[in-house]
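Visitor: I would like a close look at a single part of this structure, explained slowly enough for someone in a first year of study. Could you then link that part to the rest of the chain?

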Amino acid sequence: MKKILLFYLTDCGYCQRAHRAMDELMEENPAYKALEIEKIEESEHMDIANQYDYFATPTFYVGGEKAFEAHIGMSYEDIKKEVKRVFDMALAG
């Protein structure tokens, strides 16, 4: 199992959708609850965020590699699908 690193902003609508998707996916599949997820609020930890190559939030890294970066216009369904893919990547190790 690989660690997930999530960069987000508190006032980001796409980030709020990603958090909602994470909660729903964990309810749908209890195996996801075992995942190690470090959540970093970008504006509070710019020193950490500046060490990573991304432009938008939310952005997920799995095992140190970028796995998903949101983009403008993504629906909730699109984000949930991508978060599920990230979770599955992390589980697979």
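Guide: Aspartate 53 is exposed, because its relative accessible area is 53% and a residue counts as exposed when that value is over 50%. The model in front of you is a predicted one, and every value in this answer is computed from it. Aspartate 53 sits in the loop between helix 2, which covers residues 46–49, and strand 3, which covers residues 59–62. Once neighbours within four places in sequence are set aside, the residues in contact with aspartate 53 are Tyr61 and Lys66. If you trace from aspartate 53 to leucine 6, you pass over a separation of 47 residues in sequence, while in space their C-alpha atoms are 13 Å apart.

The loop holds other residues that deserve a look. Tyrosine 52 also lies in the loop between helix 2 and strand 3, and with a relative accessibility of 31% it counts as partly exposed, because that label covers values between the 20% limit for buried and the 50% limit for exposed. Beyond its neighbours within four places in sequence, tyrosine 52 is in contact with Leu5, Phe7 and Tyr61. Tyr61 therefore appears in the contact list of aspartate 53 and again in that of tyrosine 52, where contact means heavy atoms within 4.5 Å. Tyrosine 52 and alanine 34, by comparison, are 18 residues apart in sequence, and their C-alpha atoms are 25 Å apart in space.

Further along, proline 58 is found in the loop between helix 2 and strand 3 as well, and the peptide bond that leads from threonine 57 to proline 58 is cis, with omega near 0°. As background for that detail, most peptide bonds are trans.

The loop also meets strand 4, which runs over residues 65–69 and contains glutamate 69. Leaving out residues up to four places away in sequence, glutamate 69 touches Tyr54, Phe55, Ala56, Pro58 and Thr59. For alanine 56 there is a distance to look at, since its backbone nitrogen lies 2.8 Å from a polar atom of the glutamate 69 side chain. The side chain of glutamate 69 also makes a polar contact of 2.8 Å with the side chain of lysine 66, and Lys66 is one of the residues in contact with aspartate 53.

From Tyr61 you can move on to the start of the chain, where lysine 3 lies in the segment before strand 1, the strand of residues 4–8. Lysine 3 has a relative accessibility of 35% and counts as partly exposed. Apart from its neighbours within four places in sequence, lysine 3 is in contact with Glu36, Glu38, Tyr61, Val62 and Gly63. With glutamate 38 there is also a polar contact of 2.7 Å between the two side chains. Lysine 3 and leucine 91 are 88 residues apart along the chain, yet the separation of their C-alpha atoms is 9.0 Å.

For a contrast with aspartate 53, turn to phenylalanine 87, which lies in helix 3, the helix of residues 76–92. Phenylalanine 87 counts as buried at 0% relative accessibility, because buried means under 20%. Its contacts, with neighbours within four places in sequence left aside, are Ile4, Met22, Leu25, Met26, Tyr32, Leu35 and Ile37. Phenylalanine 87 and methionine 1 are 86 residues apart in sequence, and the distance between their C-alpha atoms is 9.8 Å.

These local views can now be placed in the whole chain, which has 3 helices and 4 strands in the order β-α-β-α-β-β-α when read along the sequence. Its radius of gyration is 12 Å, close to the 12 Å that the globule rule gives for 93 residues, so the chain is as compact as a globular protein of that length. Of those 93 residues, 41% count as buried. Among the contacts with a separation of 6 or more, 68% are accounted for by residues 24 or more positions apart. The chain exposes about 5300 Å², and carbon and sulfur atoms supply 49% of that area. Finally, the chain has 11 positive and 18 negative side chains, and the centres of these two sets lie 6 Å apart.

How values were computed: Residues are numbered from 1 along each chain as its sequence is written. This is a predicted model: local features need pLDDT of at least 70, side-chain atom pairs count only at pLDDT 80 or more; totals for chains, interfaces and linings use all residues. Side-chain values use heavy atoms; hydrogens and water are left out. Helices (H or I, at least four residues) and strands (E, at least two) are DSSP runs, numbered from the N terminus. The radius of gyration is taken over C-alpha atoms; the globule rule is 2.2 Å times the number of residues to the power 0.38. Buried means under 20% relative accessible area, exposed over 50%, partly exposed in between (1.4 Å probe, protein chains only). Accessible areas come from the Shrake-Rupley method with a 1.4 Å probe; for residues, only the protein chains shown count as cover. Lys and Arg count as positive and Asp and Glu as negative; His and the chain ends are not counted. The place of a charge is taken as NZ of Lys, CZ of Arg, CG of Asp or CD of Glu. A polar contact is a pair of N or O atoms within 3.5 Å; within protein, one must be able to donate a hydrogen and the other to accept it, and residues adjacent in sequence count only if both atoms are side-chain atoms.
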